Amino acid sequence: MLARPTEEEFRRHLGTKFAVRVNAPRPVELELDEVRGYGSQPNEPGGMERFSLFFYGPGDIMLTQGSFSLEHPEMGDLLLFMVPVGQDARGFRYEVIFNYFKDEGARDDAPAPAGEKS
């Protein structure tokens, strides 16, 4: 499992399938349909990794909001918190949001280590 998957990593896998480990009448796969990055706002600390993933799943099986274990042939096992955000002719659409500091040392508001001036 990737420690902190990045927007770039997911972009490389757009259009690929992720198997969902869920108790359903048949295997469930989600297709990664969109990766949407978000830039930092002026009032936010720098060094953030902020992006959303949008998946499509089957139209006859809706996954509820919650954490799901997904498996991808190249990315491995991922535990993702997903929220259903709609349904159309392609099926149910889900969103996963990532929002974390890329490197704790990169935080603008982090205190400087002892002996260093900020």
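This passage describes a central strand, its partner strands, and the aromatic residues and helix that meet it in a predicted model.

Strand β3, which spans residues 48-57, is largely enclosed by the rest of the structure, because 10 of its 10 residues are buried. The burial extends to both faces of the strand: on one side M48, R50, S52, F54 and Y56 are buried, and on the other side E49, F51, L53, F55 and G57 are buried as well. Along its edges, β3 is paired with strand β2 (residues 28-37) in the antiparallel sense over six bridges, and within this pairing the bridge partner of L32 is F55. Strand β6, comprising residues 91-101, also runs antiparallel to β3 and is joined to it by 10 bridges; here F54 of β3 stands opposite E95.

Aromatic side chains provide further links between β3 and other elements. The structure holds five aromatic pairs. One of these is formed by F10 and F51, whose rings lie 6.0 Å apart centre to centre with 50° between the planes, a tilted arrangement. This pair links distant parts of the chain, since F10 belongs to helix α1 and F51 to strand β3, with their positions 41 residues apart in sequence. Each of the two partners is buried: F10 has a relative accessibility of 0%, and F51 likewise has a relative accessible area of 0%. A further pair is made by F18 and F55, and because the ring centres are 5.3 Å apart and the planes stand at 85°, this pair is edge-to-face. As F18 lies in strand β1 (residues 17-21) and F55 in strand β3, the contact ties together parts of the chain that are 37 residues apart in sequence. F18 is buried, with a relative accessible area of 0%, and F55 counts as buried at 0% relative accessibility. Together with F98, the residues F10, F18, F51 and F55 form one aromatic cluster.

Helix α1, which covers residues 7-11 and includes E7, also meets β3 through this glutamate. Leaving aside its neighbours within four places in sequence, E7 is in contact with E49, R50 and F51, and also with V35 and G37. Of these contacts, E49, R50 and F51 are residues of β3 that are buried, with R50 on one side of the strand and E49 and F51 on the other. The side chain of E7 additionally makes a polar contact of 2.7 Å with the side chain of R11.

Definitions and conventions:
Residues are numbered from 1 along each chain as its sequence is written. This is a predicted model: local features need pLDDT of at least 70, side-chain atom pairs count only at pLDDT 80 or more; totals for chains, interfaces and linings use all residues. Side-chain values use heavy atoms; hydrogens and water are left out. Helices (H or I, at least four residues) and strands (E, at least two) are DSSP runs, numbered from the N terminus. A polar contact is a pair of N or O atoms within 3.5 Å; within protein, one must be able to donate a hydrogen and the other to accept it, and residues adjacent in sequence count only if both atoms are side-chain atoms. Contact means heavy atoms within 4.5 Å. Buried means under 20% relative accessible area, exposed over 50%, partly exposed in between (1.4 Å probe, protein chains only). Two strands pair if DSSP finds at least two bridges between them. Rings of Phe, Tyr and Trp (its six-membered ring) pair if their centres lie within 6.5 Å; planes under 30 degrees apart count as stacked, over 60 as edge-to-face and the rest as tilted.
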